[in-house]
Amino acid sequence: MAFTVVVLLLITNAVVSYRSVSTLIANNKRVSHTQDVLEDLQEVNTQIVQAETSARGYFLSGDEVYLAEYYSSVERLRALIADLKEKTADNSSHRQKYPVLEGSIDERVGRLDRRIARRKAQGPSAAFDGREIDEGKRSMDAVRADIARIASDERGLLIARVAESDLSGQRTLLTFAVANGVLLALLCVAGFLAVRDVRERRLNETRLQAERDLLEQRVIERTAELNDANTELQRSNRELQDFAFVASHDLQEPLRKIQ
């Protein structure tokens, strides 16, 4: 019974510890995931700024190197948005915000593409229309505002997940402390039971040996008594035989006289 209780406690301890560690790992993964999203959002902001900077470099110089950098930044932007949409697919609020951000980026990139086309066709002056510059600034501000809204939500989510992860860590430490305490108590109980069992076995062996010695002594005494009785019986038999012989001899003498 005691062994069964110990085994059940050990199994329970293992299950609780496993669940605590699993919860802690899951919470840490969610924290890491949120940090990855924030880093990607920062990268989106960096790439949209890089795209605009490269486009301006091309507007001013006409150098195709700036144009290649611009297209590379735009391609990177598309990949980042697709990756972010996949990472936040389980977040219903983000499913609504990313299409808005994607639309703002498309609008900004579209304006830059049209200015690039005019720069190629009409020269540097065609790329610096005052109205287009104002509209470009507005669209760029819209992109930054969309990024800021999503990042704000992610930072709030990160704070909540970090707090949850810290709580899970505390619970895990508490679980391990309790589990180790229970395990130590079980080891103490097992050691006590083992020592008690050894003592009982030794005591039983001592008692059994004493009983064996007593029995052996009784057997020896009984054997001696039987030997003494046998000797006495043999002596009595000899006396009876002698008496019978004398009686027989005494009885035979009158018979002979009568004969």
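**Exercise 1. Classify Leu60 by its accessibility and place Leu60 in the chain.**

Solution. Leu60 has a relative accessible area of 65%, so Leu60 is exposed; the class exposed begins over 50%, buried means under 20%, and partly exposed lies in between (1.4 Å probe, protein chains only). Leu60 belongs to helix H1, residues 2-61. Helices here are DSSP runs of H or I with at least four residues, strands are runs of E with at least two, and both are numbered from the N terminus.

The model is predicted: local features need pLDDT of at least 70, side-chain atom pairs count only at pLDDT 80 or more, and totals for chains, interfaces and linings use all residues. Residues are numbered from 1 along each chain as its sequence is written, and side-chain values use heavy atoms, with hydrogens and water left out.

**Exercise 2. Find the residues that make a nonpolar surface patch with Leu60.**

Solution. Step one is the rule: patch residues have over 30% relative accessible area and no salt bridge, with like charges joined within 9 Å and nonpolar side chains (Val, Leu, Ile, Met, Phe, Trp, Tyr) within 5 Å. Step two gives the members: Leu60 is joined by Phe128 and Ile133, and the patch covers about 290 Å². Areas follow the Shrake-Rupley method with a 1.4 Å probe; for residues, only the protein chains shown count as cover.

**Exercise 3. Describe the salt bridge between Glu52 and Arg56.**

Solution. A salt bridge requires a side-chain nitrogen of Lys or Arg within 4 Å of a carboxyl oxygen of Asp or Glu. For Glu52 and Arg56 the N to O distance is 2.7 Å. Both residues sit in helix H1, four residues apart, about one turn of the helix. Glu52 has a relative accessible area of 8% and is therefore buried, whereas Arg56, at 48%, is partly exposed.

**Exercise 4. Which parts of the chain does the salt bridge of Lys97 and Asp153 link?**

Solution. The closest N and O atoms of Lys97 and Asp153 are 3.0 Å apart. This pair links distant parts of the chain, with Lys97 in helix H3 (residues 92-122) and Asp153 in helix H4 (residues 130-258), 56 residues apart. Lys97 is partly exposed at 26%, and Asp153 is partly exposed at 31%.

**Exercise 5. Describe the pair Asp141 and Lys137, then give the salt-bridge count.**

Solution. The closest N and O atoms of this bridge are 3.2 Å apart. The two residues lie four residues apart in helix H4, so about one helical turn separates Asp141 and Lys137. Asp141 is partly exposed at 34%, while Lys137 is exposed at 54%. Elsewhere, Asp40, Asp83 and Lys87 form one network through salt bridges that share partners. The structure holds 12 salt bridges.

**Exercise 6. Which elements build the largest nonpolar core?**

Solution. A nonpolar core is a set of buried Ala, Val, Leu, Ile, Met, Phe, Trp, Tyr and Cys residues joined through side-chain atoms within 4.5 Å. The largest one has 29 residues, and Leu41, Val44, Tyr70, Tyr98, Leu101 and Ile105 have the most contacts inside it. H1, helix H2 (64-87), H3 and H4 each give two or more residues to this core. H1 supplies the largest share, 10 residues.

**Exercise 7. Summarise the chain by its secondary structure and its burial.**

Solution. The chain has four helices and zero strands, in the order α-α-α-α. Of its 259 residues, 25% count as buried.
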